[in-house]
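User: Hi, I have a protein model open here and would like to go through it with you. Could you take me through it slowly?

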Amino acid sequence: MALFTPGRRWQPPFLPFKREPFGRRLLARIERWTKGPLWGCRMCGNCLLQETAFICPMECPKGMRNGPCGGSTPERCYVDETRPCIWYRIYDRAFRMGREEKLLEVLPPLDWDKAGTETWGDVFRSVRKYGTGKFLKSFFSRDREIKTGAWEGVFRPVRQPGWWQGDSAYHPPASLEPVSRLERELRAGKFVITTEVSPPLSTTTGKLKRDIEMVRNLVTAVNFTDSASASPRMSSMACCKVAAELGADPVLQIAARDKTRSGLQADVVGANVMGVKNVLCITGDHARIGPTPTSNMNILDMDAVQMLWILRRMRDEGVYLDGRKMKSPPVLFLGAAASPFASEPHFQALREQKKVNAGAQFFQTNVIFDPQGLETWLEALYKRDVLNKVYILAGVIPIRSKRMAHYLHDTIPGVRVPEWILNRFEETREDDCEELGVEIALDLIEKIRTKQGIHGLHLMSVGWEAIVPRIIGEAGLTPSP
Ligand code: SF4
């Protein structure tokens with residue numbers, strides 16, 4: 001186990017793609033023999049140690065580089081329960097060191113051309129560019145500003161390459177002109193409802209179209225999941241096209257799990273010409289909770305924060321990640337998932353602030369069973385001055401059975417079903433469970449809808465689309481004609 005990274009064990013380092021000159025190979029070996037035992041360094045070639053409280057984030061099985069995923073817990077990583085969640089440890093140490101604001105900086109995805117090579121060469125080159133003498137002198141200066149300035153002058157160019165230029169600032173959308181019904185109604189101050197319609201398993205679209213027609217006039221927008229729980233179904237993109245043709249406002253969900261940064265950019269430009277303007281960026285459930293044979297378990301090519309950063313720049317600056325310009329950029333209303341109950345509320349609030357800074361304009365939260373816990377998270381967002389920058393749609397699921405209640409609690413990352421709900425289902429006859437599920441959902445909606453900072457609800461029916469009209473009706477949320 002590495003000395004300073006409270007990880008599971010020293011993981012295999014990345015190896016360089018091509019054979020490097022002798023000098024670079026030697027430097028890489030020295031770096032590996034030093035940083036390996038100390039920090040569990042995996043030689044990613046894009047070192048972030050200073051930004052992550054001197055704990056190497058590459059221990060994370062998803063390769064998250066901008067904070068914990070929605071499944072992070074104080075006890076363990078949800079992907080591999082034999083190890084702690086490294087991002088929980090990073091946030092915990094950063095908050096204790098008073099360095100949490102450094103975690104706000106939007107960090108780039110790996111430059112894979114550098115994986116397996118040394119980072120020290122970049123540092124030496126940056127010191128020379130900055131001025132070796134000036135840099136060394138700053139070590140002995142008592143002036144904190146000089147020290148920080150020198151440090152930033154050398155290390156910022158190393159961690160923020162020209163093609164990324166990430167920062168910790170809030171980047172508001174270039175235009176406030178709404179691009180979709182969802183954005184228009186949220187900007188108009190309406191309490192909106194969105195819902196999910198499950199993508200079909202096969203190529204038939206009969207049920208899909210019926211479900212869309214059934215909810216189209218009851219909700220503002222309809223989400224289509226991107227192979228939820230890493231189980232393949234019809235693509236979110238195809239379902240969005242069907243929905244747009246039926247006059248509904250679709251929300252395209254994109255999971256980083258199955259996408260490369262090139263695929264993301266290409267798909268979003270394509271989706272835009274199919275009438276899709278709302279895009280929800282999620283990292284996605286890990287392949288390990290998906291069906292067997294288990295698909296790719298390597299680290300992801302990007303995380304949700306990076307997806308938002310790339311898409312916002314495409315929309316507002318008309319540029320691809322590689323710098324190529326577009327004559328007509330995509331028009332997008334960007335969203336992200338938020339997990340009020342993952343890790344700690346103040347950790348999540350920082351994470352959510354980072355998503356908003358990167359480009360998120362709306363959140364659809366993970367499912368909420370604890371309105372009080374939701375309040376704590378909203379307060380943490382308020383303290384970080386985030387609530388006035390993002391529309392929040394609170395996630396509600398009508399539980400259909402005991403088995404579903406336990407599945408949600410035991411398997412879905414970031415979901416906690418309170419004991420009292422599990423007990424109520426245990427005491428209820430199987431035939432009455434659906435009624436109980438509706439009763440609890442209606443009660444939660446009543447408690448959630450009045451909370452400051454909540455702009456709507458996201459009804460996740462998990463294949464029980466038929467119950468959506470009843471819940472909207474009985475909650476008194478049927479839209480006026
Ligand atoms: S819980 Fe998520 S963020 Fe934490 S180590 Fe596991 S995959 Fe990474």
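User: Let's start with Asp-385: is it buried, partly exposed or exposed?

Analyst: Asp-385 counts as partly exposed, because its relative accessible area is 42%, and on this scale buried means under 20% relative accessible area, exposed means over 50%, and partly exposed lies in between, using a 1.4 Å probe and the protein chains only. Before we go on, please keep in mind that this is a predicted model, in which local features need pLDDT of at least 70, side-chain atom pairs count only at pLDDT 80 or more, and totals for chains, interfaces and linings use all residues. Residues are numbered from 1 along each chain as its sequence is written, and side-chain values use heavy atoms, with hydrogens and water left out.

User: Okay, and where is Asp-385 found?

Analyst: Asp-385 is found in the loop between H12 and strand E7, which covers 391–396; helices (H or I, at least four residues) and strands (E, at least two) are DSSP runs, numbered from the N terminus. In its backbone, Asp-385 has a phi near 55 degrees, which is a positive value in a residue other than glycine.

User: Which residue in the loop between helix H1 and H2 has a positive phi?

Analyst: That is Met-43, which has a positive phi of about 55 degrees although it is not a glycine, and which is found in the loop between helix H1 (22–39) and H2. Met-43 counts as buried, because its relative accessibility is 2%.

User: What about the peptide bond from Thr-292 to Pro-293, is it cis or trans?

Analyst: The bond from Thr-292 to Pro-293 is cis, with omega near -5 degrees, and Pro-293 is found in the loop between strand E4 (278–282) and helix H10 (304–317).

User: Switching to the ligand, which residues are around it?

Analyst: Among the residues around the ligand are Cys-60, Pro-61, Lys-62, Cys-77, Tyr-78, Ile-86 and Trp-87, where a residue counts as near if one of its heavy atoms lies within 4 Å of the molecule. By class, this shell has 10 nonpolar, 1 polar and 1 charged residues, with Ala, Val, Leu, Ile, Met, Phe, Trp, Tyr, Cys and Pro counted as nonpolar, Asp, Glu, Lys and Arg as charged, and the others, Gly among them, as polar.

User: Could you say something about Ile-86 from that list?

Analyst: Ile-86 has its place in helix H2, and it counts as buried because its relative accessibility is 2%. Measuring from C-alpha to C-alpha in the model, Ile-86 and Ile-440 are 35 Å apart in space, while in sequence they are 354 residues apart.

User: Now the aromatic rings: how many aromatic pairs are there?

Analyst: The count comes to 14 aromatic pairs, where rings of Phe, Tyr and Trp (its six-membered ring) pair if their centres lie within 6.5 Å, and planes under 30 degrees apart count as stacked, over 60 as edge-to-face and the rest as tilted. One example is Tyr-91 with Phe-95, whose ring centres are 6.5 Å apart and whose planes are at 35 degrees, so this pair is tilted.

User: And where do Tyr-91 and Phe-95 lie?

Analyst: Both lie in helix H2 (residues 86–97), 4 residues apart, which is about one turn of the helix. Tyr-91 counts as buried at 0% relative accessibility, whereas Phe-95 is partly exposed, with a relative accessible area of 22%. Ring pairs also link Tyr-91 and Phe-95 with Trp-87, Tyr-88 and Phe-347 into a cluster.

User: Which charged residues sit over a ring?

Analyst: Arg-312 lies over the face of Trp-309, at 4.5 Å from the ring centre, and the charged end of Lys-389 sits over the ring of Tyr-170, 5.3 Å from its centre. A charge is counted in this way if NZ of Lys or CZ of Arg is within 6 Å of the ring centre and within 35 degrees of the ring normal.

User: Last one: where is Ala-380, and how far is its C-alpha atom from that of Pro-345?

Analyst: Ala-380 is found in helix H12 (residues 371–383) and counts as buried at 12% relative accessibility. The C-alpha atoms of Ala-380 and Pro-345 are separated by 6.5 Å, with the two residues 35 apart along the chain.
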